[in-house]
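Let's take a walk through this model, one stop at a time. Keep the structure open beside you as we go.

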Amino acid sequence: MRTVLLRLDRWITDLALNLACVLLAIICVLGMWQVLSRFVFSQPSTWTEESMRRLLIWCVMLGVVVAFRRGALVSVDLMLRSSRGAWQRAVRTIITVSSLAFLGVLLWFGIDLAWRVRFQTFASMELSMAWAYAALPVGAALAIVAVLGHHFDPINEELETAQ
């Protein structure tokens with residue numbers, strides 16, 4: 001079970017990282033197009049700004065998955081650094097349970113929120129707002145796998161390089 005979870009976690013983390021990078025590149029291109037269309041062509045694009053905002057939400061939620069997996073989010077670093085043995089395992093467990101509780105709430109209310117706004121559309125496009133809000137439950141669900149993967153196979157790059 002642990003190996004399957006870690007394999008799934010590795011696949012999800014790689015996918016989330018690659019998608020977040022692609023979305024960031026798309027956001028940059030859309031931002032450049034917004035500047036060109038507004039200041040060079042004097043014909044501002046009506047959909048790029050709103051698209052960039054929605055894509056940035058997805059980018060952040062996918063980036064959170066990678067951050068959870070690598071142990072790069074704000075955590076109780078002082079307690080982890082100063083603890084050893086059983087106490088360190090207890091601190092890790094507390095961090096994992098707290099993260100899972102937060103992500104569970106985000107998943108639950110994210111699904112509810114996406115469901116409630118499914119009939120609303122973007123101001124400049126005929127797309128459902130649910131596409132933007134779906135980033136919350138999707139990111140939370142993927143981050144739950146990342147948190148479990150980090151618990152079973154911890155990677156603490158910031159702790160190892162901390163001074």
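A good place to start is W33, which is partly exposed, with a relative accessible area of 38%. Keep in mind that this is a predicted model, so what follows describes a prediction. W33 has an aromatic partner in F41, and F41 also counts as partly exposed, at 48% relative accessibility. How many aromatic pairs does the count give? It comes to 1 aromatic pair. The ring centres of W33 and F41 lie 6.0 Å apart and their planes meet at 45 degrees, so this pair is tilted. An angle under 30 degrees would have made it stacked, and one over 60 edge-to-face.

Now for the helix that comes before the next turn of the chain. Helix 1 covers residues 2-40, and its 39 residues should span 57 Å at 1.5 Å a residue; the end C-alpha atoms are 55 Å apart, which agrees. Just after helix 1 comes S42, with a positive phi of about 55 degrees. Why pause on that? Most residues other than glycine have a negative phi. S42 is a residue other than glycine with a positive value. It sits in the loop between helix 1 and helix 2, and with a relative accessible area of 52% it is exposed, the cut-off being over 50%.

On the other side of that loop, helix 2 takes in residues 48-70. Its 23 residues reach 32 Å from first C-alpha to last, close to the 33 Å expected. Just after helix 2 there is another positive phi, this time at G71, with a value of about 65 degrees.

Further along the chain is helix 4, residues 85-116. Its 32 residues should span 46 Å at 1.5 Å a residue, and the end C-alpha atoms are 47 Å apart, which agrees. Which residues of helix 4 are buried? They are V91, R92, T96, S99, L103, G110 and A114.

Helix 4 also has a packing partner in helix 6, residues 135-152. The two axes are 8 Å apart, at an angle of about 165 degrees. Angles over 145 count as roughly antiparallel, and helix 4 and helix 6 are therefore roughly antiparallel to each other. The crossing of helix 4 past helix 6 is left-handed.

One last stop is a charge over a ring: R118 lies over the face of W115, at 3.7 Å from the ring centre.

Note on methods. Residues are numbered from 1 along each chain as its sequence is written. This is a predicted model: local features need pLDDT of at least 70, side-chain atom pairs count only at pLDDT 80 or more; totals for chains, interfaces and linings use all residues. Side-chain values use heavy atoms; hydrogens and water are left out. Helices (H or I, at least four residues) and strands (E, at least two) are DSSP runs, numbered from the N terminus. The expected span of a helix is 1.5 Å times one less than its number of residues. Rings of Phe, Tyr and Trp (its six-membered ring) pair if their centres lie within 6.5 Å; planes under 30 degrees apart count as stacked, over 60 as edge-to-face and the rest as tilted. Buried means under 20% relative accessible area, exposed over 50%, partly exposed in between (1.4 Å probe, protein chains only). A charge sits over a ring if NZ of Lys or CZ of Arg is within 6 Å of the ring centre and within 35 degrees of the ring normal. Axes are lines fitted to C-alpha atoms, for helices over the stretch in contact, and angles run from 0 to 180 degrees between N-to-C directions. Angles under 35 degrees count as roughly parallel, over 145 as roughly antiparallel, 65 to 115 as roughly perpendicular and the rest as oblique. A crossing is left-handed if the near helix is turned anticlockwise from the far one by less than a right angle, and right-handed if clockwise.
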